[in-house]
Amino acid sequence: MTDLDDARLARAFQCAEQSIGLSDPNPRVGCVIGTEDGTILAEGWTQAAGQAHAEVAALADAQRRGVDVRGATAWVTLEPCSHHGRTPPCCDALIEAGIARVVVAALDPNPEVHGRGMARLRRAGLQVDLAGDAQAERCRELNIGFFSRMTRGRPWVRMKLAISLDGRTALPDGRSQWITSEQARSDGHSWRARSGAILTGIGTVLADDPTLNVRGRSVQGQPLCAVVDTHARLPLHAKLFGPARPVIVYTQAQADASRLEACGASIRRCPTAPAGLALDAVIADLSAREINEIHVEAGPTLCGSLVAQGLVDELLVYLAPTLLGPGREALSLPVRAQLPEAPDFAFSSVSPFGPDLRLILRKKPG
């Protein structure tokens, strides 16, 4: 690895970020093609599912520019695919184009690809170099849901909370607009844009009637909206039916669900648990739909149940410098008999957003 390799991979990651809100369920991948003297010939990133992957998009860019890529280097943020999925193998496209060297930031966690893309390129005579741990970690963070689904068989579940200093999400009468600042709310839409599904509960819909869509960000399509609604009480006039996107209602009700189907909702009947629906079944169903990242925006009951059942991987907390006093709590959790020996979550980052703080916490293993 050279300084040029680091610089070109950095640019390739910038390209990969253009795939946010576009490439799901495929990973966000960027590709830069250039020469060893520092000339960039072409760039590309993964398009919508069934369309060009990053490498093919970069080769198409080279063709549009009328440049010859034979003997060039391709810097790619994720190992080129070697199997025929929705599209032909990217390895074949690089080989046929005459690329001489490929620099890869991270191996693909997909068992159908992992290491096989590198081997296929080497068998064809290309020089293939794998970057270090820092580049691999950057790729994993950008594609944390895809890595989770490929290695754990389940999406990455991120829960967003906007709270006051004393841990309240609203006044006793439910008023919550606005606890956090415009800067924090804008950042929240960036995380919605990353998700394949926004998960909420019927309590939130009945109390707030939210739209739960991405605003202020350019996305190919709105994330799916999933509602945990045990008794199928979702109103037909709910604002979440407004955006053009799939709506799935998870319920155990039988008779009342047909009216929701008439509004275009898909009904998924789930098994029950002592506290309501079996939430692990909800997560499993979304995984089967190839959802990589689930973004939870819900009330204290659903949020508390997801945390208590160990289904939340990450907390996205916006902390406002405000004291509300009596009000609605963020999480309804069961009573603990004693203090835990170790924390449940670990701080990953703390960042200011306007007058607020954004805290990102990751679930501790075990």
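**Entry 1. Glu-290**

I began with Glu-290, which sits in the loop between α10 (279–288) and β14 (293–296). The model I am reading is predicted. I looked up the backbone of Glu-290 and found phi near 65°, a positive value in a residue other than glycine. This positive phi falls just after α10. I then asked whether Glu-290 is buried or exposed. Its relative accessible area is 33%, so I entered Glu-290 as partly exposed.

**Entry 2. Helix α10**

I next turned to the helix that precedes Glu-290 and asked which residues of α10 are buried. I listed Leu-279, Val-282, Ile-283, Asp-285, Leu-286 and Ser-287. I kept in mind that an α-helix has 3.6 residues a turn, so residues three or four places apart point the same way. I noted that the buried list includes Asp-285 and Ser-287 as well as Leu-279 and Leu-286.

**Entry 3. Leu-212**

I looked for a positive phi elsewhere and recorded Leu-212, where phi is about 55° although the residue is not a glycine. I located Leu-212 in the loop between α8 (202–208) and β9 (224–228). How much relative accessible area does Leu-212 have? The value is 3%, and the cut-off for buried is under 20%, so I entered Leu-212 as buried.

**Entry 4. Pro-25**

I checked the peptide bond from Asp-24 to Pro-25 and found it to be cis, with omega near 5°. Pro-25 belongs to the loop between α1 (3–16) and β1 (30–34).

**Entry 5. Strand β18 and its partners**

I then examined β18, which spans residues 356–363. How many of its eight residues are buried? I recorded six, and I described the strand as mostly covered.

I followed the pairing of β18 with β15 (residues 314–319) and found the two strands antiparallel, joined by six bridges. Within this pairing, I noted Ile-360 of β18 as the bridge partner of Leu-316.

I also followed the pairing of β18 with β17 (residues 345–353), where eight bridges join the strands and the direction is again antiparallel. Here I entered Leu-361 of β18 as the bridge partner of Phe-347.

Finally, I inspected the hairpin of β17 and β18 and asked how many residues lie between the strands. There are two, and in this hairpin Gly-354 takes a positive phi near 60°.

Conventions: Residues are numbered from 1 along each chain as its sequence is written. This is a predicted model: local features need pLDDT of at least 70, side-chain atom pairs count only at pLDDT 80 or more; totals for chains, interfaces and linings use all residues. Side-chain values use heavy atoms; hydrogens and water are left out. Helices (H or I, at least four residues) and strands (E, at least two) are DSSP runs, numbered from the N terminus. Buried means under 20% relative accessible area, exposed over 50%, partly exposed in between (1.4 Å probe, protein chains only). Two strands pair if DSSP finds at least two bridges between them.
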